[in-house]
Amino acid sequence: MDPEAAKTARESLELAFQMSNVLDTGLDRHMLSVLIALCDLGLNPEALAAVVKELGREDSCPPPTPTAPSAP
């Protein structure tokens with residue numbers, strides 16, 4: 001990658017990160033760069049957003065508590 005393209009990519013990632021912070025997405029720069037790369041490869045951005053939202057829900061849910069076996 002030439003230096004100008006690398007600079008543009010860094011600036012684009014920084015802008016995406018700032019927007020992510022304004023929207024309070026909880027995504028870090030690395031995750032954003034992975035998502036952008038997946039979009040560049042042709043993955044559907046709406047599908048990626050749905051996966052990220054679902055994973056966020058799973059992280060916010062408390063783990064299930066084991067239940068004690070019932071006595072006969």
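Biologist: At the start of α2, which residue has a side-chain oxygen reaching to the backbone nitrogen of His-30?

Modeller: Happy to start there, and please keep in mind that this is a predicted model. The backbone nitrogen of His-30 has a side-chain oxygen within 3.3 Å, at the start of α2. The residue that supplies this oxygen is Asp-28.

Biologist: And at the start of α1, which residue has a side-chain oxygen reaching to the backbone nitrogen of Glu-4?

Modeller: Here the backbone nitrogen of Glu-4 has a side-chain oxygen within 3.0 Å. That oxygen belongs to Asp-2.

Biologist: Let's step back to the whole chain. In what order do its elements run from the N terminus on?

Modeller: The protein chain has three helices and zero strands. Read from the N terminus on, the order is therefore written with helices alone, and it is α-α-α.

Biologist: What share of the 72 residues in the protein chain is buried?

Modeller: A residue counts as buried under 20% relative accessible area. Buried residues in the protein chain of 72 residues make up 11%.

Biologist: How far apart are the end C-alpha atoms of α1?

Modeller: Helix α1 covers residues 3-22, which is 20 residues. At 1.5 Å a residue, the helix should span 28 Å. The distance in the model agrees with this, at 29 Å.

Biologist: How far apart are the end C-alpha atoms of α2?

Modeller: The same kind of check works here: α2 has twelve residues, and 1.5 Å a residue is the rise to use. The expected span and the distance between the end C-alpha atoms agree, the latter being 16 Å.

Biologist: Within what arc do the buried residues of α1 fall, seen down its axis?

Modeller: The buried residues of α1 are Ala-6, Ala-16, Phe-17 and Ser-20. They line one face of the helix, because seen down the axis they fall within an arc of 100°.

Biologist: Which exposed residues does the face of α1 turned away from its buried side carry?

Modeller: Exposed means over 50% relative accessible area, so that is the cut-off to apply. On the face turned away from the buried side of α1, the exposed residues are Glu-4 and Val-22.

Biologist: Which helix is included in what covers the buried residues of α1?

Modeller: Two buried residues show the pattern nicely. Ala-16 of α1 is in contact with Leu-32 and Ile-36, leaving aside neighbours within four places in sequence. Leu-32 is found in helix α2, and Ile-36 is placed there too. What covers the buried side of α1 thus includes, at residues 29-40, helix α2.

Biologist: How far apart in space are Ala-16 and Leu-32, C-alpha to C-alpha?

Modeller: Ala-16 is buried, with a relative accessible area of 17%, and Leu-32 is buried at 10%. They are 16 residues apart in sequence. C-alpha to C-alpha, their separation in space is 7.5 Å.

Biologist: Is Ile-36 buried, partly exposed or exposed?

Modeller: Ile-36 touches Leu-13 and Ala-16, leaving aside its neighbours within four places in sequence. Its relative accessible area is 33%. Buried needs a value under 20% and exposed one over 50%, so Ile-36 is partly exposed.

Biologist: Which residues does Ser-20 touch, not counting residues up to four places away in sequence?

Modeller: Ser-20 sits in helix α1 and counts as buried at 5% relative accessibility. With residues up to four places away set aside, the residues that Ser-20 touches are Thr-25, Leu-27 and Leu-32.

Biologist: What phi does Asp-24 take, just after α1?

Modeller: Asp-24 lies in the loop between α1 and α2 and counts as exposed, at 67% relative accessibility. Its phi is positive although Asp-24 is not a glycine. The angle is about 55°.

Biologist: And which residue takes a positive phi just after α2?

Modeller: The value there is about 105°. This time the residue is Gly-42.

Biologist: Last one: which helix gives the most to the lining of the largest pocket?

Modeller: The largest pocket has a volume of about 250 Å³, and its lining includes Leu-32, Ile-36, Pro-45 and Val-52. The elements that give two or more residues to this lining are α2 and α3. The one that gives the most, with six residues, is α3.

Technical notes
Residues numbered from 1 in each chain as written. Predicted model: local features only at pLDDT ≥ 70, side-chain atom pairs only at ≥ 80, totals over all residues. Heavy atoms only, no water. Helix = DSSP H or I, 4+ residues; strand = E, 2+ residues; numbered from the N terminus. Expected span 1.5 Å × (residues − 1). Buried < 20%, exposed > 50% of the residue type's maximum accessible area, 1.4 Å probe, protein only. Arc of directions from axis to C-beta. Contact = heavy atoms within 4.5 Å. Polar contact = N/O pair within 3.5 Å; in protein donor to acceptor, adjacent residues only side chain to side chain. 1 Å grid on protein atoms, 1.4 Å probe; cavity = no way out; pocket = protein on both sides within 12 Å on 5 of 7 lines; lining within 4 Å. Points joined across faces, edges and corners; volume = space filled by probe spheres on them.
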